Amino acid sequence: MERILVIGGARALGAAVARRAVNDGYEVVIGARDPAAAEGPAAEIDATALRIDLQDETTIAAAARQLADGVDHIVTTGSAPHDVRAVALDHDKLLTAFTAKVIGPLLVAKHFAPLLRPNGSVVLFSGVVGWRPGPGSLVKGVTNGAVEYVARHLAADLAPVRVNAISPGVVDSGAWDRLGDGKAGLLSRSAAGTLVGRYGESDDVVDAVMWLLRAGFVSGETIHLEGGARHKFS
Ligand SMILES: NC(=O)c1ccc[n+]([C@@H]2O[C@H](COP(=O)([O-])OP(=O)(O)OC[C@H]3O[C@@H](n4cnc5c(N)ncnc54)[C@H](OP(=O)(O)O)[C@@H]3O)[C@@H](O)[C@H]2O)c1
């Protein structure tokens, strides 16, 4: 049975990936910064949980020691948005945002490279904002754009292990529930900004992640799952 580590697998897109992976016959380990909160969701789907905080390298190293008998795939969904204009940038929040998307996954590669099996893969998470600049999305845009380069260069570094990134548009993953009544407006504006006229569903993303795990001739790529939003100008 192949083992997959899903960092951020306790909720939203990470949880959807973890659930599908269990159904598809993988041994799933959920990496979460709060393992106590992850234990419930993990037990529900017959997965296990361990502590990984992308902001804390010691937890990444400890997780690698716990999984020393090997890992086939790693999916990392972590993000730490800092949605402000340039004049309001906060150094620590900027660093936290880069660590969630770029530095943390690179340190995961550092500690897990010796454990990843040659047919294995890493799937990173970028986002459409990387290609759609706008006021207030400066940090999200730059960090998501950087993920494309992490995928490309890490793929060369870890070869033959494959490294790819998924770049979703707005997806109703559960993460937007925090907007309350504002969620419906965000989703409809996002749908209008695509070529296909709808917002994304978690299954759109999960289908692509599961395909990438098996796509043995795909490495260093960023797969755009945003209904053509980058191509719509209006
Ligand atoms: N949903 C969308 O519309 C959308 C659009 C474009 C891009 N994306 C990208 O897709 C990815 C997943 O998004 P999502 O919709 O599932 O919601 P999300 O709220 O962005 O999910 C982030 C996940 O990362 C985890 N995480 C955050 N900081 C972490 C840390 N320091 N260590 C370990 N885990 C950490 C969170 O776990 P906790 O439970 O601990 O917070 C959560 O599971 C993100 O990278 C996001 O930027 C999503």
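Is R117 buried, partly exposed or exposed? I looked this up before anything else, and R117 turned out to be partly exposed, at 32% relative accessibility. A note to self, and to anyone joining me here: this is a predicted model.

**Entry 1: the partner of R117**

I next asked what R117 holds on to. It forms a salt bridge with D72, and the closest N and O atoms of the two are 2.6 Å apart. I found D72 in strand β4 (residues 71-76) and R117 in strand β5 (residues 116-125), so this pair ties together parts that are 45 residues apart in sequence. The two ends of the bridge sit in unlike surroundings: D72 is buried, with a relative accessible area of 8%, whereas R117 is partly exposed.

**Entry 2: other salt bridges**

How many salt bridges does the structure hold? I noted 12. I followed a few of them by hand.

K140 forms one with D83, with 3.2 Å between the closest N and O atoms. This pair also links distant parts of the chain: K140 is in helix α5 (residues 138-158), D83 is in the loop between β4 and α4, and 57 residues separate them. I checked the accessibility of each partner. K140 counts as partly exposed at 24%, and D83 counts as partly exposed at 42%.

K183 and D172 make another, and here I read 2.8 Å between the closest N and O atoms. K183 belongs to helix α6 (residues 182-192) and D172 to strand β7 (residues 171-172), 11 residues apart. I had to look twice at the accessibilities: K183 counts as buried at 19%, while D172 counts as partly exposed at 21%. The cut-off for buried is under 20% relative accessible area, so the two residues fall on either side of it.

I also came across R3, E27 and D69, which are linked in a network of salt bridges.

**Entry 3: a lysine without a bridge**

Which side chain of opposite charge is nearest to K101? I found D83, but it is 10 Å away, and K101 has no salt bridge although it is buried. I had already met D83 as the partner of K140. K101 itself is in helix α4 (residues 91-112).

So what does the side chain of K101 reach? I traced it to the backbone oxygen of F125, at 3.1 Å. I then listed its contacts, leaving aside neighbours within four places in sequence: G78, S79, F125, S126, T143, N144 and V147. F125 thus turns up in that contact list as well.

**Entry 4: rings**

I searched for aromatic pairs and found zero in the structure. I did find a charge over a ring, though: R152 lies over the face of Y149, at 4.6 Å from the ring centre.

**Entry 5: helices α3 and α2**

Which residues of helix α3 are buried? In this helix (residues 57-66) I wrote down T59, I60, A61, A63 and A64. I then looked at what covers them, and the cover includes β3 (48-51) and α4. Helix α4 is where I had found K101.

In helix α2 (residues 35-44) I stopped at G40, which counts as partly exposed at 39% relative accessibility. G40 and A10 are 30 residues apart in sequence, and I read 8.6 Å between them in space, C-alpha to C-alpha.

**Entry 6: backbone oddities**

I kept the backbone for the end. Most residues other than glycine have a negative phi, and most peptide bonds are trans. I went looking for exceptions.

Where is the cis peptide bond? I found one joining A159 and P160, with omega about 15°. P160 has its place in the loop between α5 and β6 (162-168).

For positive phi, I noted two residues. A12 has phi near 50°; its place is in helix α1 (residues 12-23), and it is partly exposed, with a relative accessible area of 21%. D46 has phi near 70°; I found it in the loop between α2 and β3, and it is exposed, with a relative accessible area of 69%. Neither A12 nor D46 is a glycine.

How values were computed:
Residues numbered from 1 in each chain as written. Predicted model: local features only at pLDDT ≥ 70, side-chain atom pairs only at ≥ 80, totals over all residues. Heavy atoms only, no water. Phe/Tyr/Trp six-rings, centres within 6.5 Å; stacked < 30°, edge-to-face > 60°. Lys NZ or Arg CZ within 6 Å of the ring centre and 35° of its normal. Helix = DSSP H or I, 4+ residues; strand = E, 2+ residues; numbered from the N terminus. Buried < 20%, exposed > 50% of the residue type's maximum accessible area, 1.4 Å probe, protein only. Lys, Arg positive; Asp, Glu negative; His and termini not counted. Salt bridge = Lys/Arg side-chain N within 4 Å of Asp/Glu carboxyl O. Polar contact = N/O pair within 3.5 Å; in protein donor to acceptor, adjacent residues only side chain to side chain. Contact = heavy atoms within 4.5 Å.
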